[in-house]
Amino acid sequence: MLTTRPRGTNDVLPEEAFRWQYVEGVFRRLCQDYGFAEIRTPIFEHTELFERGVGEITDIVAKEMYNFFDRSNRKLTLRPEGTAAVVRAYLESGLKSGPHPVKLYYLGPMFRYDRPQAGRYRQFHQGGVEVFGTDDPEADTEVIALAVDFYRRLGLQNFELHLNSIGCKVCRPVLKENLSSFFKIRQKELCPNCQERLEYNPLRILDCKEPKDQEIAKGAPDSLSCLCPSCIAHFEAVLGYLEVLKIPYLIDKQLVRGLDYYTRTTFEIMVADTWAQSSVGGGGRYDDLVAALGGPPTPSIGFAVGLERVLLTMNKQNTPFPAPKNLDVFIVEADKEASRAALELLFFVRAQGLSADKDFLGRSLKAQMKYAAKKKARFVAILGKEEINRQVVSLKDLASGEQKEIFPAEIKEEIGKYKKA
RNA sequence: GUGGGAGUAGCUCAGUUGGUUAGAGCACCAGAUUGUGGCUCUGGGGGUCGUGGGUUCAAGUCCCAUCUUCCACCCCA
């Protein structure tokens with residue numbers, strides 16, 4: 001093989017592409033229904049944006065970014081996530097001066113240099129939403145409800161909404177301080193990874209999967225107990241609204257999330273019984289990120305869904321997809337004399353809004369019929385000397401096998417009967 | 001970055017203790033007398049056995065390296 005695709009990337013072949021279109025369509029429709037407008041940002045950005053936005057000590061920045069220099073020696077990075085770029089665009093454009101809150105959604109490829117495995121690829125796709133300019137708990141609920149609605153609309157089974165609050169810049173330092181003093185006592189018992197985590201982000205020890213560390217962490221001060229009064233009020237308000245909307249949730253004190261910019265509400269949607277990557281989407285509030293990137297203080301919240309993981313889960317759960325739209329009619333030329341008329345007929349029916357195709361290999365009538373059936377055409381319109389002499393076409397319904405002669409002008413009406421049914 | 005499984009036709013795989021021109025099913029193409037698909041039958045095309053080295057008279061088969069893939073860890077979508 002002369003070329004193969006780069007590691008961790010995938011070709012989406014026609015059969016699968018149909019499923020992608022469906023899932024993307026559901027996501028777009030959902031966002032529109034919730035009052036979000038699409039934003040499209042570049043696929044690469046200045047490296048610094050992610051270093052400062054996502055956080056230098058995160059794994060994403062430390063070891064997973066696709067960095068490169070362009071011909072003018074600019075340091076650039078293929079985007080590893082969506083939020084930083086959307087914040088950048090929001091600040092760079094007039095959006096920041098427009099009516100608030102600003103509600104945006106995006107859909108597209110992201111890149112992380114990771115070892116590929118089930119549900120994890122170097123080029124993967126996310127759909128996401130961001131709400132800028134409000135710290136109202138209703139905005140949190142809005143974003144969480146949108147996330148849950150997405151999985152519901154797709155018909156996903158057994159997903160759980162995990163919720164936590166990790167505090168704001170007032171109470172998070174308190175939590176971090178409490179956690180590090182708690183873990184320092186038993187520092188030597190922690191796994192090597194967590195001993196490092198203790199240095200830069202003790203929060204992460206909470207979701208370590210080492211059984212020993214989990215045992216130790218059981219008695220740790222949890223994030224909720226350290227929240228300041230306003231963060232408690234915020235969190236309780238979010239929970240209250242979720243109850244109003246009858247959205248079931250699980251409070252998950254272990255839920256920390258890997259990106260540095262999160263504050264207060266964090267949430268993740270998990271699907272049980274799939275594979276190691278049970279998270280199909282997640283998000284949270286990031287009240288300090290806009291300011292950290294040079295903008296005015298702008299409380300904000302967002303969410304992102306991993307489309308590969310959703311598709312994988314749907315396939316695993318045998319979630320029904322709508323039937324692909326097949327070809328309405330396939331034009332068959334019964335003999336060479338009919339070729340000009342067949343070509344005219346092909347474009348005539350297309351102009352009437354029907355999907356239509358014909359053979360381009362000069363094959364026998366029989367082979368054309370076979371090809372039409374394989375292409376899953378619903379009807380076949382046969383045109384030969386006999387039809388041309390009488391100014392008609394033979395229209396055959398491939399599902400029932402019935403065939404009748406009609407005038408070309410009647411094709412649309414004839415096929416329309418079936419389309420309605 | 002770490003660990004384990006796997007790479008033979010487009011797909012799923014077989015290939016005996018190394019031994020002639022590497023097979024099957026499905027898929028693809030064509031035919032089964034006059035202008036008609038799905039079923040059946042017949043025939044055909046298609047493989048540098050992932051790639052590169054090595055051992056041997058001889059390698060799909062043994063050894064090494066490398067790439068890719070699958071699964072897990074770290075982490076995340």
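In the predicted model, lysine 376 is placed in the loop that links α13 (365–374) to β14 (379–383). The phi angle of lysine 376 is near 60°, a positive value in a residue other than glycine, and lysine 376 counts as exposed because its relative accessibility, 54%, is over the 50% cut-off. A positive phi near 55° is also found at lysine 246, again a residue other than glycine, and lysine 246 sits in the loop between α9 (229–244) and β8. With a relative accessible area of 69%, lysine 246 is likewise exposed. A further feature of the backbone is the cis peptide bond between histidine 100 and proline 101, for which omega is about -5°; proline 101 belongs to the loop between α4 (83–92) and β5.

The strand β5 that follows this loop is part of an open sheet of eight strands, arranged in the order β1-β5-β6-β11-β10-β9-β7-β8 and mixed in its pairing. The edges of this sheet are formed by β1 (37–38) and β8 (250–251), each of which pairs on one side only. Within the sheet, β10 and β11 (residues 300–306) are antiparallel to each other and are joined over five bridges, and in this pairing glycine 283 has phenylalanine 303 of β11 as its bridge partner.

Helix α5 lies across six strands, namely β5 (102–111), β6 (123–132), β7 (159–165), β9 (263–271), β10 and β11, and runs at about 15° to β11. Packing between helices is described by the angle between the two axes and the distance separating them. For α5 (residues 137–154) and α11 (residues 307–316), the angle is about 35° and the axes are 11 Å apart, with α5 passing α11 in a right-handed crossing. The contact involves Phe150, Tyr151 and Leu154 from α5, together with Leu307, Val310 and Met314 from α11. By residue class, this contact consists of six nonpolar residues, with no polar and no charged ones.

Aspartate 287 is found in the loop between β10 (279–285) and α10 (289–292). Although it carries an acidic side chain, aspartate 287 is buried, because its relative accessible area of 15% falls under the 20% cut-off. The side chain of aspartate 287 makes a polar contact, at 2.8 Å, with the side chain of arginine 285. When residues up to four places away in sequence are not counted, aspartate 287 touches Thr263, Arg264, Thr298, Pro299 and Ser300; of the strands described above, β9 spans residues 263–271 and β11 spans residues 300–306.

A separate pairing is made by strand β12 (residues 329–333), in which five of the five residues are buried, so that the strand is largely enclosed by the rest of the structure. The side chains of β12 are divided between two directions, with Val329, Ile331 and Glu333 pointing one way and Phe330 and Val332 the other way, and all of these residues are buried. Strand β12 pairs with β13 (residues 356–358) in the parallel sense over three bridges, and in this arrangement phenylalanine 330 stands opposite aspartate 357 of β13.

Note on methods
Residues are numbered from 1 along each chain as its sequence is written. Chains are lettered from A and ligands numbered from 1 in the order in which they are written. This is a predicted model: local features need pLDDT of at least 70, side-chain atom pairs count only at pLDDT 80 or more; totals for chains, interfaces and linings use all residues. Side-chain values use heavy atoms; hydrogens and water are left out. Helices (H or I, at least four residues) and strands (E, at least two) are DSSP runs, numbered from the N terminus. Buried means under 20% relative accessible area, exposed over 50%, partly exposed in between (1.4 Å probe, protein chains only). A polar contact is a pair of N or O atoms within 3.5 Å; within protein, one must be able to donate a hydrogen and the other to accept it, and residues adjacent in sequence count only if both atoms are side-chain atoms. Contact means heavy atoms within 4.5 Å. Axes are lines fitted to C-alpha atoms, for helices over the stretch in contact, and angles run from 0 to 180 degrees between N-to-C directions. A crossing is left-handed if the near helix is turned anticlockwise from the far one by less than a right angle, and right-handed if clockwise. Ala, Val, Leu, Ile, Met, Phe, Trp, Tyr, Cys and Pro count as nonpolar, Asp, Glu, Lys and Arg as charged, and the others, Gly among them, as polar. Two strands pair if DSSP finds at least two bridges between them.
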